[in-house]
Amino acid sequence: MVRKGWKQVTLGDIALFQGGSQPPLSVFSSQKKAGYIRLVQIRDYKTDKYATYIPEKLAKRFCKQDDIMIGRYGPPIFQILRGIEGAYNVALIKALPQGVDKEFLYHTLKREDLFEYIDLLSRRTSGQTGVDLTNLKAFELSIPVLTDEQATIAKALSDVDSLISSLQKLIEKKKAIKQGTMQELLTGKKRLPGFSEEWSKQQLGDICNIVNGGTPSTSIAEFWNGKILWCTPTDITSCSTKYIYTTESKITESGLKASSATLLPKGALLLCSRATIGEVRIAGNTICTNQGFKSLVVHQNISNEWLYYMVHVLKPNMLEKAIGSTFLEISKKDLAELDIIVPEFTEQKAIAQVLSDMDSEIEQLEKKLSKYQQIKQGMMQELLTGRIRLVDADGKEQPKTQILQERQPAHNQHFDDAVMLAGIVNAFYSEKYPLGRKKVQKLLYLVRRKEQADISAFHKKAAGPYADEVRYKGGEPIAQKNKYIQIKRNERGSCFEKGVQMQQALTYLQDWGKQGDVDWLVSQFQYTSVNELELLATVDMAICDLRREGKEISVASIKDLIRSNKEWRDKLKKTYFRDSDIQQAIKKCEDLFES
């Protein structure tokens, strides 16, 4: 049954499909030259690594960045692509809208039932010949009669696409930040606050037992149905989390005794030493592995989680020592002789906690991404079939509803501060290192400076720059009331922790485009002490005052300004307000805020 205001059509009725073309390979160039144009191929939508150019005079079919392109061949077959300008080759088809909204056509071509239709037809043909245009044009569907309704549907789906895209970029950024943090913390280039003891130079074999994997006897009938987990490299590479708890296969106690496999304890590091060298997971249960492993069982006073992250840093060294003709493998001896610098146990645990927190954040974002992708798929099924209407049967737009979240509150500085405070707490909270108000206020001041926002709420208090407004009637009480954060007191004062509604605040940050500012804070100040933050924020506020008065920026002028304020003057007695420290802070402020 066709819904009121909709009509039955075929794809051939609403789109013109144009196949691509290309000149002979002999004229292809890997370099852009005068008179040449890019030849767009399916692979180019994933990477620019293989960019190819052809003489423009020989090009026949052209596409713009917003044109809808279809990948004719797979795998996977029938990819819907866009975003590159040039001449397109024979593996691509351009879809031109005919009497329909262009964005509506783009989302229509991404329908799951259409993909299944094309994929099934292709599989029935030997050799996977690709998309057959005749069959593609014959696909039947119903669409809204009014282009306004088509555009409204397309806008809703595009909004979700934008949200998914921004979340994907955020995840990639978080992973890059984590990678940089690993390199700094695990090599000692940057130390966590409170640690200064020298690290010891050792070899990997000094801090753990290295256990070869083995091959259990396959003659035992119940081999695959026992109680002991049996792990292969495929189990490791298919596991996306740090700990591995289950595998596809198991081995029995009797099978274990009849084999050369060694039972590894819970917490052992399952390290691939053959082919996929350096891939590692932590055993969540007792387990045994095949001969593709050299697992690590840590000694006393060695954190297995710290070593898990350290293996990622050691991976290039493992690959250098790997040998083999059929496949590369690192020997037990070479693995044991890898040099490693080892902090004392409490610092190992602290480093592992920082990196685990980052992993947890990335994992939560990936779960959120998966949820949004599922919602998007459901929306397509509902909106593109008319089961849910955003425009009524008479063509009037329905009241907008929030599909992914509650309606956002009106913006004001107090609410913005509440949301930003939540972002700061989420990024900087640690069970080991309580997050106090002094640090939170400094970070809030610095992020406002980065945004070139109003800092008039911050005053020259003893712990300043400090904003009473934020604490008593601004962001703090709002963030607490909305349960974005919770504030607890201990002997040192107030400590900020994550609230049960933290995710709602993080969603606002993402949707308002403010998550990048929190990421900037993390990249600049993740391991900066409270004292350093106080110095930096104080010097920056002094610089702002001196600039307004048209005065020179120097150590002397900043000290004079600090000395002139009765609440600030005692700062100059602090060890971290030495002349050299102030000079470094001036340079840091110039680097951070001058642009």
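Which residues does Asp540 touch, not counting residues up to four places away in sequence? The close-ups below start there, and keep in mind that this is a predicted model.

**View 1. Asp540 and its contacts in helix 18.** Asp540 lies in helix 18, and the residues it touches are Tyr445, Arg449, Cys589 and Phe593, once residues up to four places away in sequence are set aside. Its relative accessibility comes out at 1%, so Asp540 counts as buried, the cut-off being under 20%.

**View 2. Helix 18 crossing helix 19.** Here we've zoomed in on helix 18 (residues 530-548) and helix 19 (residues 555-563), which pack at an angle of about 95 degrees with their axes 10 Å apart. That angle makes helix 18 roughly perpendicular to helix 19. On the helix 18 side, the contact is made by Thr538, Val539, Ala542, Ile543, Asp545 and Leu546; Ser557, Ile558, Leu561 and Ile562 meet them from helix 19. Sorted by class, the residues of this contact are 7 nonpolar, 2 polar and 1 charged.

**View 3. The buried side of helix 19.** Val555, Ser557, Ile558, Leu561 and Ile562 are the ones to look for, as these residues of helix 19 are buried. Around the axis they cover an arc of only 170 degrees, so they sit on the same side of helix 19. What do they pack against? The buried residues of helix 19 pack against helix 18 and also against helix 20 (579-593). As a reminder, an α-helix has 3.6 residues a turn, so residues three or four places apart point the same way.

**View 4. Helix 5 alongside helix 17.** Helix 5 (residues 147-185) and helix 17 (residues 515-525) pack at an angle of about 0 degrees, and their axes are 12 Å apart. The two helices are therefore roughly parallel to each other. Leu170, Lys173, Lys174 and Ile177 come from helix 5, and they meet Gln515, Gly516, Asp519 and Val522 in helix 17. The mix of classes in this contact is 3 nonpolar, 2 polar and 3 charged residues.

**View 5. Ser356 in helix 11.** Ser356 is found in helix 11, which spans residues 345-383. Is Ser356 buried or exposed? With 10% relative accessibility, Ser356 counts as buried, since buried means under 20%. Ignoring neighbours within four places in sequence, Ser356 is in contact with Lys242, Glu305 and Tyr309.

**View 6. An open antiparallel sheet.** This one has 4 strands in the order 2-9-6-7, with antiparallel pairing. Its edges are strand 2 (15-19) and strand 7 (79-81), each of which pairs on one side only. On average, neighbouring strands of the sheet are turned by 30 degrees against each other, direction ignored. Looking at one pair, strand 6 (residues 68-71) and strand 7 run antiparallel over 3 bridges, and Met69 stands opposite Leu81 in strand 7.

**View 7. An open sheet with mixed pairing.** The order of the 4 strands is 4-3-8-5 in this open sheet, and the pairing is mixed. Strand 4 (53-55) and strand 5 (62-63) are the edge strands, each pairing on one side only. Strand 5 pairs with strand 8 (residues 86-88) in the antiparallel sense over 2 bridges. Which residue in strand 8 is the bridge partner of Phe62? The partner of Phe62 there is Ala87.

Key. Residues are numbered from 1 along each chain as its sequence is written. This is a predicted model: local features need pLDDT of at least 70, side-chain atom pairs count only at pLDDT 80 or more; totals for chains, interfaces and linings use all residues. Side-chain values use heavy atoms; hydrogens and water are left out. Axes are lines fitted to C-alpha atoms, for helices over the stretch in contact, and angles run from 0 to 180 degrees between N-to-C directions. Angles under 35 degrees count as roughly parallel, over 145 as roughly antiparallel, 65 to 115 as roughly perpendicular and the rest as oblique. Contact means heavy atoms within 4.5 Å. Ala, Val, Leu, Ile, Met, Phe, Trp, Tyr, Cys and Pro count as nonpolar, Asp, Glu, Lys and Arg as charged, and the others, Gly among them, as polar. Two strands pair if DSSP finds at least two bridges between them. Buried means under 20% relative accessible area, exposed over 50%, partly exposed in between (1.4 Å probe, protein chains only). The arc is that of the directions from the helix axis to the C-beta atoms.
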